[in-house]
Amino acid sequence: MAVVGAGLAGLAAGLALTRAGCRVTVLERSRLLGGKATSFVTGGREVDNGQHVILGCCTAFLELAEELGMRRELHLQERFEVLMLSESGPARLRALDLPAPLHLALPFLRFRALGARARMAVTWALLAARRSDPEREETEPFTAWLARHHQGAEARRAFWEPFVVPAVNAPLGAVSAAAALFVVRTAFLGDSGAARIGWATVPLARFAERAAGRLDAVRLRSAVTGVEVAGGRLRALRVGAEAGGSEELDEVDAAVIAIPPERLRRLRGLDALGVRDLEGFRSQPIVDVHLLYEGAAPLGFEFAALTGSPVQWVFTKGEGYLCCSLSSAAEWIGEPEERLVALADRELRRRVPALAGARLAHGAATRDPEATFVPAPGLHRPGPRTALPNVVLAGAWTDTGWPATMEGAVRSGRRAAAALLGTLGAPRARPAETVHA
Ligand SMILES: Cc1cc2nc3c(=O)[nH]c(=O)nc-3n(C[C@H](O)[C@H](O)[C@H](O)COP(=O)(O)OP(=O)(O)OC[C@H]3O[C@@H](n4cnc5c(N)ncnc54)[C@H](O)[C@@H]3O)c2cc1C
């Protein structure tokens, strides 16, 4: 079987198919594994293509790490705790050892990042969010929901923007209430461990590499450019250099296509898959700014959220090394690197007194103009099945309910594999010697 795309969705699908006894070959257009969750070497340092955060509710991604023997390479808080840095000072929100939602509701009532009125307004809105109205939420912009629930400027700036914008990577008015409320309900209102924050302690590419090592074959620099159909089934994939060059025809019995919608749209023969509404997908950029300080006093935090700033989060990545992430960064993506570095440095210095005497020794920016899709009101996200019985779709953008996340990618891959096995039937078990350790 072929898996097209070596992002987390394709790799999760490949692992599930391998577990079921299939022989899996992955075709990946780039020279790197992991897709949007990858790492590369620059200036002698291996960096991720963007700071990636997981939450306690990312159960499929945590299971994947476990399956790969890499659970120890993920740090996850024992209890949800976040430091918010505003220009008027820091404030901390720490969950209590109580059932949800009391674990957060009680500490939130004393959360100094918001004034008393804004705190009451947010508490009221969170209570209201427990009742869902799926039809209305799918088509209503989240800002309309916020307005209906009397969320003023302060509540937006100090609560909804720092927590929801990075999770959906889009302005609050560009996403459906359903997408934003999914995050709120899943992370804050569900299980008391759901909002715990975590991240990988090794470069992200290690996860993809470990997964790829368990599959039969991975062909890098192999872009799939089209599908060949005969008798109502996929017969072969066209594989070749996208910008001209020779093209091969790979005979396949089935395929998981796990590439983003903007790439899927370019496949020749796409009509045969019967996938509709791909033109509805828009993407949003993410910018990360990497700052190396000398002579900073101890910062006293591993990570923090910034309020009232285009930098939403900052992570300490090593001595003096801070990584700032700017989600929903359409306004910033085109700025020259030195302006992004100056912006992030200024935003931090305004909020972090420990940087007062520090010297900025080095600064750099990484950018992804098409980081994630926007879960816009009314957007139709397809499920795994296509019009062809031996082709399924995967990807964080498919209909998982999750925003574009590593969790959504893994869930989509597993679901696509299950759909394919459901249609084709599981193969007989593989001979033991073909299974990689
Ligand atoms: C900067 C940044 C920060 C992020 N932060 C977070 C975060 O904090 N937490 C979180 O959970 N998620 C985060 N995400 C989102 C997360 O990384 C993605 O949602 C997820 O990794 C997507 O996985 P995927 O497999 O669906 O797609 P992709 O990772 O896009 O994988 C698709 C793969 O298909 C390949 N491909 C494309 N076209 C072809 C073709 N024609 N033939 C063969 N191969 C092809 C691509 O090269 C790619 O490797 C972030 C993303 C970015 C960019």
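Select alanine 12 in this predicted model. Setting aside residues up to four places away in sequence, alanine 12 touches Leu64, Ala409, Val410, Gly413 and Arg414. Keep those residues displayed, since the next stops return to several of them.

**Helices H1 and H12**

Now select residues 8–19, helix H1, together with residues 406–424, helix H12. The two axes are 7 Å apart, and the helices pack at an angle of about 40 degrees. That angle makes H1 oblique to H12. The crossing of H1 and H12 is right-handed.

Which residues of H1 and H12 meet? On the H1 side, show Leu8, Ala9, Gly10, Leu11, Ala12, Ala13, Ala16 and Leu17. On the H12 side, show Met406, Ala409, Val410, Ser412, Gly413, Arg414, Ala416, Ala417 and Ala418.

Stay in helix H1 and pick out alanine 16. Is alanine 16 buried or exposed? Alanine 16 has 22 other C-beta atoms within 10 Å, so it counts as buried; the cut-off for buried is 20 or more. Its contacts, leaving aside neighbours within four places in sequence, are Gly413, Arg414, Ala417 and Ala418. For a distance to try in the viewer, take the C-alpha atoms of alanine 16 and proline 134: they are 118 residues apart along the chain and separated by 31 Å.

**Helix H2 against H12**

Add residues 59–67, which form helix H2. The axes of H2 and H12 come within 7 Å and cross at roughly 75 degrees. H2 and H12 are therefore roughly perpendicular to each other. From H2, the contact uses Ala60, Phe61 and Leu64. From H12, it uses Met406, Glu407, Val410, Arg411 and Arg414. Leu64 was also on the list of residues that alanine 12 touches.

**The nonpolar cores**

Next, select Val4, Ala12, Ala13, Ala180, Ala255 and Val256. These residues have the most contacts inside the largest nonpolar core, which has 94 residues. Helix H8, residues 177–189, gives the most to this core, with 10 residues. At least three residues of the core come from each of domain 1 (2–38 + 203–281 + 379–434) and domain 2 (95–190). There is also a second, separate core of 41 residues; among them are Ala113, Val122, Trp313 and Val341. In soluble globular proteins, nonpolar side chains tend to be buried together.

**The domains**

Colour the chain by its domain assignment. Domain 1 covers 2–38 + 203–281 + 379–434, domain 2 covers 95–190, and domain 3 covers 283–373. How far apart are the C-alpha centres of domain 1 and domain 2? They lie 35 Å apart.

**Stops in the loops**

Go to leucine 32, in the loop between strand S2 (25–27) and strand S3 (39–42). Leucine 32 counts as partly exposed, with 16 C-beta neighbours inside 10 Å. Not counting residues up to four places away in sequence, leucine 32 touches Thr38, Phe40 and Ala205. The C-alpha atoms of leucine 32 and glutamate 135 are separated by 40 Å, with their positions 103 residues apart along the chain.

Select alanine 100 and proline 101. A cis peptide bond joins the pair, with omega about 0 degrees. Proline 101 has its place in the loop between strand S8 (89–94) and helix H3 (102–108).

Move on to arginine 131, in the loop between helix H4 (116–129) and helix H5 (134–139). Arginine 131 has 6 C-beta neighbours inside 10 Å and counts as exposed. From its C-alpha atom to that of valine 227, the separation is 44 Å; the two residues are 96 residues apart along the chain.

Histidine 150 is in the loop between helix H6 (142–148) and helix H7 (153–168). What is its phi? It is near 55 degrees, a positive value in a residue other than glycine. Histidine 150 is exposed, with 12 other C-beta atoms within 10 Å.

Finish at arginine 221, in the loop between strand S10 (217–219) and strand S11 (224–230). Phi of arginine 221 is near 50 degrees, again a positive value in a residue other than glycine. Arginine 221 is exposed, with 11 other C-beta atoms within 10 Å.

Key. Residues numbered from 1 in each chain as written. Predicted model: local features only at pLDDT ≥ 70, side-chain atom pairs only at ≥ 80, totals over all residues. Core = buried A, V, L, I, M, F, W, Y, C linked by C-beta atoms within 7 Å. Helix = DSSP H or I, 4+ residues; strand = E, 2+ residues; numbered from the N terminus. Domains from an automatic or database assignment. Contact = placed C-beta atoms within 7 Å. Axes fitted to C-alpha atoms, helices over the stretch in contact; angles between N-to-C directions. Parallel < 35°, antiparallel > 145°, perpendicular 65-115°, else oblique. Left-handed = near helix turned anticlockwise from the far one by under 90°.
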